[in-house]
Amino acid sequence: MPPQTPADNESHQRLLDSLDIAHVPRPFRNPHWKPSQRRNKNVKQLLSESSRKEASQMATQANSGATTPLPVVSSVGTDGTQTPAEGTPRTSNIAQAAQNLSSLVLEKNARAMFPTGPTVTYTNIESAPSLHPSQQTRYCDITGLPASYTDPKTRLRYHDKEVFGVVRTLVQGVPESYLELRAAHVVLK
């Protein structure tokens, strides 16, 4: 190979510089990138929003007919023989009377819209549990942990192999009592 001349070295260096990608400026982001228009909320915002929603529902329930106080029985008879004095106010607080009136109106409207049963809300404890199959979580009969397995012999649900060992060592009659607690026992007559 013949020795390189300075002109060859210079052209070779220009070629290397043009092919070198280390000196090409690379921005961190794509120049066409734009932030998402969707606003993500943090946990604090979600909790405060949830508590605000529950507070508004509780205020609605406070005005419902279910929490309307019973009328106070006065010593004045209702047979018409005694009437209160003309200058005596009937209620001591106008705001309380207005709230009682508004709660009675709300109760009447609720009865007209929903004639039977209590109103089911997120915080109402009287609402029935969900019977949807996806909501039916199976629990271990021994430990109460989520159960992934069922013993085919005793039909008891168990969490892991250690609990399975306990299930298999149970004496006769004990598996039936566990099934009875779960209301899964079979009574033959």
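This report walks through an annotated domain, a nonpolar core, an aromatic cluster and two unusual backbone angles in a predicted model.

## The annotated domain

Let's start with the record. An unreviewed UniProt entry carries the annotation "domain: Vps72/YL1 C-terminal" for residues 138-167. In the model, that span is 23% helix and 13% strand, and the C-alpha atoms at its two ends lie 16 Å apart.

## The nonpolar core

In soluble globular proteins, nonpolar side chains tend to be buried together. Here the largest nonpolar core has 7 residues: Cys 140, Ala 147, Leu 156, Tyr 158, Val 163, Val 167 and Leu 179.

Cys 140 is a handy place to look around from. Setting aside neighbours within four places in sequence, Cys 140 is in contact with three members of that core, Ala 147, Tyr 158 and Val 163. Its other contacts beyond that sequence window are Leu 145, Pro 146, Arg 157 and His 159.

## An aromatic cluster

A pair of aromatic rings is described by the distance of the centres and the angle of the planes. The model has 2 aromatic pairs. In one of them, the rings of Tyr 149 and Tyr 158 have centres 5.5 Å apart and planes at 25 degrees, so this pair is stacked; the cut-off for stacking is under 30 degrees. Tyr 158 also pairs with Phe 164, at 4.9 Å centre to centre and 40 degrees between the planes, a tilted arrangement.

Together, these ring pairs link Tyr 149, Tyr 158 and Phe 164 into a cluster. Tyr 158 is buried, because its relative accessibility is 12% and the limit for buried is under 20%. Tyr 149 is partly exposed, with a relative accessible area of 44%, and Phe 164 is partly exposed too, at 27%. Tyr 158 therefore belongs to both the cluster and the largest nonpolar core, whose members are buried by definition.

## Two positive phi angles

Most residues other than glycine have a negative phi. Arg 155 has a positive value, with phi near 65 degrees. Arg 155 sits in the loop between strand E1 (149-150) and strand E2 (157-158). Its relative accessible area is 38%, so Arg 155 counts as partly exposed.

Where is Ala 183 in relation to helix H5? Ala 183 lies in the segment after that helix, which covers 174-181. Phi of Ala 183 is positive as well, near 65 degrees. Ala 183 is exposed, because its relative accessible area is 65% and exposed means over 50%.

Conventions
Residues numbered from 1 in each chain as written. Predicted model: local features only at pLDDT ≥ 70, side-chain atom pairs only at ≥ 80, totals over all residues. Heavy atoms only, no water. UniProt positions renumbered as here; feature names shortened; annotations may be inferred. Helix = DSSP H or I, 4+ residues; strand = E, 2+ residues; numbered from the N terminus. Buried < 20%, exposed > 50% of the residue type's maximum accessible area, 1.4 Å probe, protein only. Core = buried A, V, L, I, M, F, W, Y, C linked by side-chain atoms within 4.5 Å. Contact = heavy atoms within 4.5 Å. Phe/Tyr/Trp six-rings, centres within 6.5 Å; stacked < 30°, edge-to-face > 60°.
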